[in-house]
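Reader: Hi! I've got this chain open on my screen and would love a quick tour. Can you walk me through it?

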Amino acid sequence: MTEADTASAAYAAEFERWANVFATHKAFSHPSELHGALCGRLAAGSRLEKGEWLALVCEHMGLPEATAEEAGELSVFMNEAYEKNLTVLKSADMSFHPLLPDDDYALEQRLEALVAWVRGFLEGMALAAGESLGEAPDEIRELIEDLVAISQVSEDQDSDEESEQQLVEITEYVRLGALAVFTEFNPPEKPGPEAPTLH
């Protein structure tokens, strides 16, 4: 297996983990949308307290707010997911990926997931950044316009090689776009004070 194959297997496994959590709790929404909402908030510079994040999880999944506290495994899973995604978005290796099913799924299912992720991302970003989005640089505003267009794409696409290739290209555009937003709204963290060196 190449490094890329290993990475895509890991992304596929992560999607399945989220999908299983959603199925267990009979959530009516899409796991990709919640992941997008989280990434949109983080990318726009917002950081959520654990309680705030779990309330958002319950709201998205259509669960009573107390569920996260009562269902210990849900809060553990989602708190780990929060930390993991923040770390990956901050990472210099650009290894971040939207939470999407792999190509074992039908094209329309993968497109549906991408559209759901982008909708979540836009919603999270708007909630976190608010009016400051209007003052963002031109390339970020253009990117947001593109994401809005992607969020309105019809999921009824013919499954052929050209559609497959287009989906791959759009997914990569969305991935890099999310990283560009994160870079714009999250200045690099200053390194901590170094220990004095003894001469």
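Author: Happy to! Keep in mind that this is a predicted model. Let's start at a glycine: G62, just after α3, takes a positive phi of about 70°.

Reader: Nice place to start. How many residues does α3 have, and what does it reach from end to end?

Author: Helix α3 covers residues 50–61, which makes 12 residues. From its first C-alpha to its last it reaches 16 Å, close to the 16 Å expected at 1.5 Å a residue.

Reader: And which residues of α3 are buried?

Author: They are W53, L54, L56, V57, C58, H60 and M61.

Reader: Is there a general reason to look at spacing in a list like that?

Author: Yes, an α-helix has 3.6 residues a turn, so residues three or four places apart point the same way.

Reader: Good. Which residue have you got for me in the loop after α3?

Author: P64 is found in the loop between α3 and α4, the latter being residues 67–70. P64 counts as exposed, because its relative accessibility is 56% and the cut-off for exposed is over 50%. Its C-alpha is separated by 20 Å from that of S32, and the two residues are 32 apart along the chain.

Reader: S32 brings me to α2. Is that helix mostly covered or mostly open?

Author: Mostly covered: 12 of the 13 residues of α2 are buried. S32 is one of them, and others include P31, L34, H35, R41 and A43.

Reader: Why do you say its length agrees with what a helix should span?

Author: Because 13 residues at 1.5 Å a residue should span 18 Å, and the end C-alpha atoms of α2 are 18 Å apart. Just after α2 there is another glycine with a positive phi, G45, at about 95°.

Reader: Which residues have a positive phi without being glycine?

Author: Two to look at are K26, with a phi of about 50°, and M94, with a phi of about 55°. K26 sits in the loop between α1 (3–24) and α2 (31–43). M94 is in the loop between α5 (72–90) and α6 (107–129).

Reader: Are K26 and M94 buried or exposed?

Author: K26 is exposed, with a relative accessible area of 72%. M94 is partly exposed, at 42%.

Reader: Let's stay in the M94 loop. What does S95 touch?

Author: S95 is found in that loop between α5 and α6 too. Leaving aside residues up to four places away in sequence, S95 touches Y11, V88 and R175. It is partly exposed, with a relative accessible area of 28%. As for our opening glycine, the C-alpha atoms of S95 and G62 are separated by 30 Å, with their positions 33 residues apart along the chain.

Reader: What about L99, buried or exposed?

Author: L99 is buried, because its relative accessible area is 4% and buried means under 20%. L99 also lies in the loop between α5 and α6.

Reader: So what does L99 touch?

Author: With residues up to four places away in sequence left out, L99 touches E14, F15, W18, P31, S32, H35 and W117. P31, S32 and H35 are among the buried residues of α2. L99 and H35 are 64 residues apart in sequence but 6.4 Å apart in space, C-alpha to C-alpha.

Reader: Cool. Before I forget, what about α5 itself?

Author: α5 has 19 residues and reaches 27 Å from its first C-alpha to its last, close to the 27 Å expected at 1.5 Å a residue. Its buried residues include L74, F77, Y82, L86 and L89.

Reader: Time to zoom out. How many helices and strands are there in the chain?

Author: There are 8 helices and 0 strands. About 44% of the 199 residues count as buried.

Reader: Why does the radius of gyration agree with a compact globule?

Author: Because a compact globule of 199 residues would have a radius of gyration near 16 Å, and the chain has 18 Å, which agrees. Along its principal axes the C-alpha trace spans about 65 × 45 × 45 Å.

Reader: How far apart in sequence are the residues in contact?

Author: Among contacts between residues at least 6 apart in sequence, 75% join residues at least 24 apart.

Reader: Last one: how many positive and negative side chains are there?

Author: The chain has 12 positive and 40 negative side chains, and the centres of the two sets lie 7 Å apart. The chain exposes about 11300 Å², with carbon and sulfur atoms supplying 52% of it.

Technical notes:
Residues are numbered from 1 along each chain as its sequence is written. This is a predicted model: local features need pLDDT of at least 70, side-chain atom pairs count only at pLDDT 80 or more; totals for chains, interfaces and linings use all residues. Side-chain values use heavy atoms; hydrogens and water are left out. Helices (H or I, at least four residues) and strands (E, at least two) are DSSP runs, numbered from the N terminus. The expected span of a helix is 1.5 Å times one less than its number of residues. Buried means under 20% relative accessible area, exposed over 50%, partly exposed in between (1.4 Å probe, protein chains only). The radius of gyration is taken over C-alpha atoms; the globule rule is 2.2 Å times the number of residues to the power 0.38. Contact means heavy atoms within 4.5 Å. Accessible areas come from the Shrake-Rupley method with a 1.4 Å probe; for residues, only the protein chains shown count as cover. Lys and Arg count as positive and Asp and Glu as negative; His and the chain ends are not counted. The place of a charge is taken as NZ of Lys, CZ of Arg, CG of Asp or CD of Glu.
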